[in-house]
Amino acid sequence: QVQLVESGGGLVQAGGSLRLSCAASGRTFTMYDAAWVRQVPGKEREFVAAIKWSGGVTYYSDFVKGRFTISRDNTRNTMYLQMNSLKPEDTAVYFCAAMPRGAVFAATRSRSQSEYDYWGQGTQVTVSS
């Protein structure tokens, strides 16, 4: 199993930037594909971005494409989400998630939250207007 802990959330003005981190412990992080998912209170969680275990393939939701960058440093067992040009509608709790890596890292599977077996506790991001 792998344990995930997010950090880096906070309050930022619109147009600003934040970098979230997801620290993994337990089983080797390279055994997992991973993703960021966010949730606004009262709404369903929504996919933000996903990254293959090797870091070589990434997927993004349309609403963050061009503004957010997902990356990972497997030597540090850490995944990141660099968020630029933040908007008030980006306000949410951001979760990192992991699933055992498969032979193929397909876009459809990476966007399906039911595929992710391990979740962090979340970090709050608030963007003021």
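**Sheets, hairpins and cores**

Strands β3 and β8 run antiparallel and are joined by six bridges, and one position where this pairing can be followed is Ser21, whose bridge partner in β8 is Tyr80. The model that shows this pairing is a predicted one, and the two strands are a good place to begin because strands of a sheet pair through backbone hydrogen bonds, either parallel or antiparallel. Both β3 and β8 belong to an open sheet of four strands, in which the order is β1-β3-β8-β7 and the pairing is antiparallel. At the edges of that sheet stand β1 and β7, and because each has a single partner strand, one side of each is left without a neighbour in the sheet. On average, and with direction ignored, neighbouring strands here are turned by 15° against each other.

A further set of pairings can be followed from β4, which is joined to β5 by five bridges, the two strands running antiparallel. Within this pairing, Trp36 has Ala49 of β5 as its bridge partner, and the hairpin that β4 and β5 make has six residues between the strands, with Gly42 taking a positive phi near 85°. From β5 the chain continues into another hairpin, formed with β6, which also has six residues between its strands and in whose turn Gly55 has a positive phi of about 85°. Strands β5 and β6 pair in the antiparallel sense over three bridges, and Ala50 finds its bridge partner in Tyr59 of β6. Five of the six residues of β5 are buried, so this strand is largely enclosed by the rest of the structure.

Strand β4 also pairs with β9, in the antiparallel sense and over eight bridges, and here Asp33 has Met99 of β9 as its bridge partner. What else does β9 pair with in the antiparallel sense over three bridges? That partner is β11, where Gln124 stands opposite Val93. Strand β10, which covers residues 118–119, pairs with β9 as well, antiparallel and over two bridges, and Tyr118 in β10 is the bridge partner of Ala98. Of the nine residues of β9, seven are buried, so β9 too is largely enclosed by the rest of the structure.

The side chains add another level to this picture, since in soluble globular proteins nonpolar side chains tend to be buried together. The largest nonpolar core has 29 residues, and those that touch the most other members are Leu4, Trp36, Met79, Leu81, Met83 and Tyr94. Several strands each supply at least two residues of this core, among them β1 (2–7), β3 (18–26), β8 (78–83) and β11 (123–128). A second core, separate from this one, consists of eight residues, including Ala35, Phe47, Ala50 and Ala97. Returning to Tyr94, and not counting residues up to four places away in sequence, one finds that its contacts include Leu20, Trp36, Phe68, Leu81, Met83 and Val125.

One last residue to look for is Arg67, which lies in the loop between β6 (58–60) and β7. Is Arg67 buried or exposed? With a relative accessible area of 11%, Arg67 is buried, because residues under 20% are counted as such. When its neighbours within four places in sequence are left aside, Arg67 is in contact with Gln82, Met83, Asn84, Ser85, Leu86, Lys87 and Asp90.

How values were computed. Residues are numbered from 1 along each chain as its sequence is written. This is a predicted model: local features need pLDDT of at least 70, side-chain atom pairs count only at pLDDT 80 or more; totals for chains, interfaces and linings use all residues. Side-chain values use heavy atoms; hydrogens and water are left out. A nonpolar core is a set of buried Ala, Val, Leu, Ile, Met, Phe, Trp, Tyr and Cys residues joined through side-chain atoms within 4.5 Å. Buried means under 20% relative accessible area, exposed over 50%, partly exposed in between (1.4 Å probe, protein chains only). Contact means heavy atoms within 4.5 Å. Two strands pair if DSSP finds at least two bridges between them. Axes are lines fitted to C-alpha atoms, for helices over the stretch in contact, and angles run from 0 to 180 degrees between N-to-C directions.
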